[in-house]
Amino acid sequence: MPVKRQLVFVQGGGEGTHDEWDDKLVESLRRELGQHYKIHYPRMPNEDDPSYARWKTTLKRVFGTLEGDAILVGHSVGGTILVKVLAEQSSAREFGAIFLIAAPFVGDGGWSAGDLQFPPDLGARLPRGVPIHFYHGLEDEVVPPSHIELYARAVPQARIHRLPGRDHQLNSDLKEVAAAISSLETRG
């Protein structure tokens, strides 16, 4: 039996997000990627009031259970927290790719949140040689699409995907994300 590639999906914040919103994103990935992926979808603590410290602890625990070069996907504030954790990571843990969907940018020009503030050299602190993709719906009314431009400047090595006609949840359709994940397999 072939080994399944591991993927971690980090939910966004807000009451009911895990079971009523982001579960549709996870289901879209499962449908698009098929049986060759094992998707981990941890329930983050106090989803209605995301705490960097608590979510970081949960993510580090999940990272410790992964085998191989897992793929990381973060949505909304879950993506913001994920990228901050990765920027602070000092271990040599290898990941296959990083995908952020509709993630708020915290810093100059974006939102302010003391414990989520990005370092000025964010791009340089992220894992080297790991593909990074940012996706943002241009009809997002939760996180302004201008945030993807801030990420483009802060993480110049990332691929930027602006999706017309898509909302904060990318209309619950992650076919573009799944296609990029699948393309990693054909390249490697």
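Here a biologist and a modeller talk through a predicted model, question by question.

Biologist: Hello! What should I know about the numbering and the model before we start?
Modeller: This is a predicted model in which local features need pLDDT of at least 70 and side-chain atom pairs count only at pLDDT 80 or more, while totals for chains, interfaces and linings use all residues. Side-chain values use heavy atoms, leaving out hydrogens and water, and residues are numbered along each chain as its sequence is written, from 1.

Biologist: How many helices and strands does the protein chain have?
Modeller: Both are DSSP runs numbered from the N terminus, with helices being H or I of at least four residues and strands E of at least two. From the N terminus on, the elements run β-α-α-β-α-β-α-β-α-β-α-β-α. That comes to seven helices and six strands.

Biologist: In what order do the strands of the open sheet lie?
Modeller: Two strands pair if DSSP finds at least two bridges between them. The edge strands, each pairing on one side only, are β2 (37-40) and β6 (159-163). The pairing is parallel, and the order is β2-β1-β3-β4-β5-β6.

Biologist: Which residue in β2 is the bridge partner of R5?
Modeller: Strand β1 covers residues 5-10 and pairs with β2 in the parallel sense over four bridges. The partner of R5 in β2 is Y37.

Biologist: Which strands does helix α2 touch?
Modeller: Contact here means heavy atoms within 4.5 Å. Helix α2 (residues 22-33) packs on the sheet, and its direction makes about 160° with that of β1. Axes are lines fitted to C-alpha atoms, for helices over the stretch in contact, with angles from 0 to 180 degrees between N-to-C directions. The strands touched by α2 are β1, β2 and β3 (71-75).

Biologist: How is the pair of F105 and Y151 classed?
Modeller: Rings of Phe, Tyr and Trp (its six-membered ring) pair if their centres lie within 6.5 Å; planes under 30 degrees apart count as stacked, over 60 as edge-to-face and the rest as tilted. The structure holds seven aromatic pairs. In this one the centres are 5.1 Å apart and the planes at 85°, so the pair is edge-to-face.

Biologist: How many residues apart in sequence are the parts that F105 and Y151 tie together?
Modeller: F105 lies in the loop between β4 (97-101) and α5 (122-125), whereas Y151 is in helix α6 (residues 146-154). The pair therefore ties together parts whose separation in sequence is 46 residues.

Biologist: And how is the pair of F118 and Y151 classed?
Modeller: Their ring centres are 5.9 Å apart. Their planes stand at 55°, so this pair is tilted.

Biologist: Which residues form one aromatic cluster with Y151?
Modeller: We have already met F105 and F118, each in a pair with Y151. The cluster joins Y151 with F105, F118 and F134.

Biologist: Is T80 buried or exposed?
Modeller: T80 has its place in helix α4 (residues 77-88). Not counting residues up to four places away in sequence, T80 touches A103, P104, V106, L116, F118 and Y151. Buried means under 20% relative accessible area, exposed over 50%, and partly exposed in between (1.4 Å probe, protein chains only). At 1% relative accessibility, T80 counts as buried.

Biologist: What percentage of the residues of the protein chain count as buried?
Modeller: Y151 is one buried residue, at 1% relative accessibility, and F118 is another, at 6%. Of the 188 residues of the protein chain, the buried share is 53%.
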